[in-house]
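Student: I would like to go through this model with you, one question at a time. Could you show me the sequence and the structure before we begin?

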Amino acid sequence: MQPIQIITIIFAIFALSRVILRSKEKKLTIYQFIIWIIVWISLIIFASFPSLLTQFAHISGIGRGIDILVYGGIILLFYFLFKLYIQIKEIDEKITKLTRVIAIENEYKTRKNNR
Amino acid sequence: MKMWIVIAAYNEEKRITKVVQDLKNHNYRNIVIVDDCSKDNTYQTALKTKVNVLRHVINLGQGAALKTGITYALNQNADIIVTFDGDGQHLASEIYKLIAPLTKGYEITTGSRFLDKRTKMPLARKIVLKGSVLILRMFYGLKVTDAHNGFRALSKNAAQKIEIKCDRMAHASEIISEIKKKKLKFKEVPVKIIYNEEVLNKGHGGIIQAFKVFFSMVIHKLR
């Protein structure tokens with residue numbers, strides 16, 4: 001076994017433990033939990049048996065096993081980036097609404113106090 | 001008919017008193033100022049003018065401030081809402097021109113500085129403004145001569161229908177797109193914009209600002 005395989009497996013196990021911890025704190029939805037479990041477990045499997053990855057690559061027409069991992073990783077990254085962007089936008093809108101309500105309520109209160 | 005004037009103000013402590021005075025001199029009494037978390041004493045100065053003053057606890061941008069003011073005015077049962085800039089570039093004496101079409105069935109009017117030759121402005125600014133009008137025409141297909149004029153009058157119906165989601169400066173283009181989308185009856189009215197040293201130094205209407213607005217318009221279109 002190559003050092004890179006061992007490093008990858010250790011990291012994946014660490015990440016897996018974080019996922020389980022977070023889900024215990026109920027900070028992940030079931031959907032997110034499943035996605036992350038699949039990601040890290042498949043990483044452990046592929047790191048332990050690289051030939052499996054090579055077979056997958058050949059089936060899909062990609063030369064090397066590691067390439068399929070890189071392509072998949074990039075696609076996944078873009079997807080998460082997109083989700084994050086949407087979520088930030090939503091939070092932005094919520095903050096705007098909140099600020100608006102506070103401004104209107106405060107004005108009402110100050111006027112009441114001045115009377 | 002109950003009319004409310006909405007002023008979005010950011011760092012306008014030196015100018016806001018004069019603006020309110022101008023409005024009061026023309027007998028406009030229902031005025032709401034939205035201070036968008038200014039760094040100077042805009043809020044305190046505005047309070048002294050004895051009009052209704054709202055304050056955002058964090059800075060959100062002009063679009064959001066206008067929306068807050070419009071929401072407030074609607075809560076006060078306004079029939080007509082006029083948006084007015086807080087830096088003295090609009091004339092209170094021209095408000096009647098903007099509201100006149102509303103009594104004849106129009107739902108929203110916006111001021112245009114390009115319909116007559118009264119407004120004097122630097123050439124660079126003119127190019128930016130004319131360029132953005134062209135871009136707007138491409139984007140939304142609505143024929144306007146001046147897209148970024150903060151002087152507007154809205155009927156209650158229009159104020160309720162128009163959604164302003166762009167917190168920052170792109171809201172001006174957003175309002176134009178909303179007019180088109182919600183099929184509101186719309187008219188441009190010639191107004192005079194006063195460019196004094198302070199207005200020009202604020203940095204609105206610069207090339208960089210224009211690009212920022214353009215970028216956020218593209219993003220908005222894609223969403």
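Student: At what angle do helix 4 of chain A and helix 3 of chain B pack, and how far apart are their axes?

Tutor: This is a predicted model, in which local features need pLDDT of at least 70, side-chain atom pairs count only at pLDDT 80 or more, and totals for chains, interfaces and linings use all residues. Residues are numbered from 1 along each chain as its sequence is written, while chains are lettered from A and ligands numbered from 1 in the order in which they are written. Helices (DSSP runs of H or I, at least four residues) and strands (E, at least two) are numbered from the N terminus. With axes fitted to C-alpha atoms over the stretch in contact, and angles run from 0 to 180 degrees between N-to-C directions, helix 4 (residues 65–114) of chain A and helix 3 of chain B pack with their axes 10 Å apart, at an angle of about 45°.

Student: Which residues of helix 3 of chain B meet helix 4 of chain A?

Tutor: Two residues are in contact if their C-beta atoms, placed from the backbone, lie within 7 Å. From helix 4 of chain A come A:Thr96, A:Arg100, A:Ala103 and A:Ile104, and they meet, in helix 3 of chain B, B:Ala64, B:Lys67, B:Thr68, B:Thr71 and B:Tyr72.

Student: Which strand pairs with strand 4 of chain B in the antiparallel sense, and which residue there is the bridge partner of B:Ile81?

Tutor: Two strands pair if DSSP finds at least two bridges between them, and strand 4 of chain B pairs in the antiparallel sense, over four bridges, with strand 6 (residues 152–155) of chain B. Strand 1 (residues 3–9) of chain B, by contrast, runs parallel to strand 4 of chain B and is joined to it by six bridges, with B:Trp4 opposite B:Ile81. In strand 6 of chain B, the bridge partner of B:Ile81 is B:Leu154.

Student: Is B:Asn77, with its positive phi, buried or exposed?

Tutor: B:Asn77 lies in the loop between helix 3 (62–75) and strand 4 (80–85) of chain B, and its phi is near 60°, a positive value in a residue other than glycine. A residue is buried if 20 or more other C-beta atoms, placed from the backbone, lie within 10 Å of its own, exposed if 12 or fewer, and partly exposed in between. Because B:Asn77 has 9 other C-beta atoms within 10 Å, it is exposed.
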